[in-house]
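Reader: Could you take me closely through one part of this model, beginning with a single residue and its surroundings, and then move outward to the spaces and elements that help to place it?

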Amino acid sequence: MTNSIEDILDTDAMFIIGSNTTENHPVIASHMKQAIEKGAKLVVADPRRIEMADYADVYLQIRPGTNLALINSMIHIIIEEGLEDKEYIEKRTADYEDLVELVKPYTAEYAAEICGVDAEDIIKAARIYAKAGKAGIFYAMGITQHTLGTYNVMALSNLSLLCGNIGKASAGINPLRGQNNVQGSCDMGCLPADLPGYQKVMKPEVIDRFEEAWGAKLSSKIGLTLSEIMDGAADGDLKMLYVFGENPMVSDPDLNHVKHALENLDFLVVQDIFMNETSEYADVVLPAASFAEKEGTFTNTERRVQRVRKAIDPVGDAKPDWMIFMELMNRFGYEKQYNNPSEIMEEIASLTPSYTGISYERIEETGIQWPCPSKDHPGTDYLHKDAMARGKGLFFPADHRDSAEMADTEYPYILTTGRVLYHYHTRTMTGRVDGLNEKVSESFIEISENIAKELNISDGEVVRVKSRRGDTETKAKITPIVNKNVVFMPFHFADGAANMLTNTERDSICKIPELKVAAVRIEKIV
């Protein structure tokens, strides 16, 4: 997030797109509701009528995969009506004319036809956002998990820059991270082209710095994304895989492909706190300690580095992840020893500019938001206050294109996937809690009354859902919150797995699969 969670309370307007905020980020959603009580306006765009739509001044029930057309149209309307922040654009942005040229065709009527919404609602949404003194954008995987995911994000950046909302309190562009330490993992180099602090492996000066600090030779070659790793394993190019804190046999697209990839490996290591669907394929399983059994930090969605304290000793043979990695590292011949996680944080601070001022002593009571460039720096509650990190904010316009897979006569419905409030990712943890299973115990597919009547399906009936990649059986849930040709499945469940159906087609830039759009058909089980 460019801004802070507390910032939300003082915003004038919010644009939620591709985020089921109340179910996936309930604390942030509570702040949004408080802001609305104080007078903030709300625009929601989502293929399902999620709870936040009930609080919205404008709700846009767009077709899955049409985010870019909607955003471009809002930009078009703002420019046509002269609502853009001209002074901000002049002083703090670059390539504005390219944006103006690209969005010319994106009238409200044109986008309404693509998105399946009313043109007047797009106009209302654009005006609410542009006329607000402080407007924040909030998005999640409903924006990113598309073949146009990178362009969707850049379009939201265009919209925010257009109205001067980057570098402003209670505004900004705010991706809501899907798990508790996704931000921290990215910060620490768990991206194919990055070392800690988003320092690029292809830059010689970066490699030189880390080689000197670590006393080891490092590769400057960009690595593979998760989807590319699975392809490599399936093709036989990748022989060994080490999986920790992840369960791709439930969470990845096209599970038949994932199964083949894991079976094709020479050696698979799984490190986790519980056995899961992926560990069934492992040659070695390393028992890891849970959050309550170890010291460390999490960096949350607002970039806040927070202490985690051990409540109990690890159970059985389990060890903290850092200790497992260190012992393996030592056995591989790199004899670096750490006595505790605080020493690791000291090393992080020495090599990661945005973490330079962060230490365990400083976050003993309250976490600090990076960037924190010195030991006396208080942290940064919102980014780009005086200038963009790159100098000027770059407009990056792009045209809408259809998703990789569209509905047709053979597969007439569009499946989109997501989460429910009561379960966490692949249920490795929450699936063991009786109370949560009482709330939602099994897979389901949300369908409209139109589909139910068309196929003679009753509520709660087990149906077969098929895509070009596989099929699964799940219970039908008839609901008015999805449109007539859109269906929804949560991806948490191994039985009735949504990801038997999802598409592996990827964004060409960041390589994220198009998990949010897949063409399917539904069959009665006779």
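Author: A residue is called buried when its relative accessible area is under 20%. The model discussed here is predicted, and the part to begin with is Asn 165, which sits in the loop between helix H9 (149-162) and strand E6 (173-175). Because its relative accessibility is 0%, Asn 165 counts as buried. Its side chain makes a polar contact of 3.1 Å with the side chain of Tyr 129. When neighbours within four places in sequence are left aside, the residues in contact with Asn 165 are Tyr 129, Gly 133, Lys 134, Ala 135, Ser 160, Ala 171 and Gly 172, so that Tyr 129 appears both in this list and as the polar partner.

The helix that precedes this loop, H9, also holds Tyr 151. Not counting residues up to four places away in sequence, Tyr 151 touches Leu 68, Phe 396, Ala 398, Arg 401 and Ile 509. Tyr 151 and Asp 507 lie 356 residues apart in sequence, yet their C-alpha atoms are 9.1 Å apart in space.

Arg 401, one of the residues touched by Tyr 151, leads on to the enclosed spaces of the model. Rolling a probe the size of a water molecule over the atoms shows where empty space is left. Three cavities of 30 Å³ or more are counted, and the largest cavity has a volume of about 60 Å³. Its lining consists of 13 residues, and those nearest its centre are Gly 65, His 146, Leu 148, Asn 152 and Arg 401. By class, the lining of the largest cavity divides into two nonpolar, eight polar and three charged residues.

The second largest cavity has a volume of about 50 Å³, and its lining is made by Ser 227, Met 230, Asp 231, Asp 252, Pro 253, His 257, Val 258, Thr 504 and Arg 506. Helix H12 (226-235) and helix H14 (255-263) are the elements that give two or more residues to this lining, with H12 supplying the largest share, three residues. The lining of the second largest cavity is divided into three nonpolar, three polar and three charged residues.

Among the open spaces, the second largest pocket holds about 830 Å³ of space. It is lined by 41 residues, and Asn 24, His 25, Arg 177, Gly 178 and Arg 419 lie nearest its centre. Helix H1 (21-24), helix H2 (26-37), helix H8 (141-144) and strand E16 (413-418) each supply at least two residues of that lining. Its residues comprise 15 nonpolar, 19 polar and seven charged.

Two further elements are worth following in the same way, and one of them is helix H16 (residues 341-351), whose buried residues are Pro 341, Met 345, Ile 348, Ala 349 and Leu 351. An α-helix has 3.6 residues a turn, so residues three or four places apart point the same way. The buried residues of H16 pack against strand E8 (199-200), helix H11 (204-214), strand E12 (296-299), strand E13 (304-308) and helix H15 (321-331). Glu 347 also lies in helix H16, and a polar contact of 2.8 Å joins its side chain to that of Trp 214. Leaving aside neighbours within four places in sequence, Glu 347 is in contact with Trp 214, Lys 336 and Tyr 338. The C-alpha atoms of Glu 347 and Ser 359, twelve residues apart along the chain, are separated by 10.0 Å.

The other element is strand E18 (residues 462-466), which has a covered face formed by Val 463 and Val 465 and an uncovered one formed by Val 462, Arg 464 and Lys 466. In a regular strand the side chains alternate between the two faces of the sheet. E18 runs antiparallel to strand E19 (residues 471-478), to which five bridges join it, and a hairpin of four residues connects E18 to E19. Within this pairing, Arg 464 has Glu 473 of E19 as its bridge partner. E18 is also joined by four bridges to strand E21 (residues 518-524), again in an antiparallel arrangement, and here Lys 466 has Arg 521 of E21 as its bridge partner.

Methods. Residues numbered from 1 in each chain as written. Predicted model: local features only at pLDDT ≥ 70, side-chain atom pairs only at ≥ 80, totals over all residues. Heavy atoms only, no water. Buried < 20%, exposed > 50% of the residue type's maximum accessible area, 1.4 Å probe, protein only. Polar contact = N/O pair within 3.5 Å; in protein donor to acceptor, adjacent residues only side chain to side chain. Contact = heavy atoms within 4.5 Å. 1 Å grid on protein atoms, 1.4 Å probe; cavity = no way out; pocket = protein on both sides within 12 Å on 5 of 7 lines; lining within 4 Å. Points joined across faces, edges and corners; volume = space filled by probe spheres on them. Nonpolar A, V, L, I, M, F, W, Y, C, P; charged D, E, K, R; others polar. Pairing = 2+ DSSP bridges.
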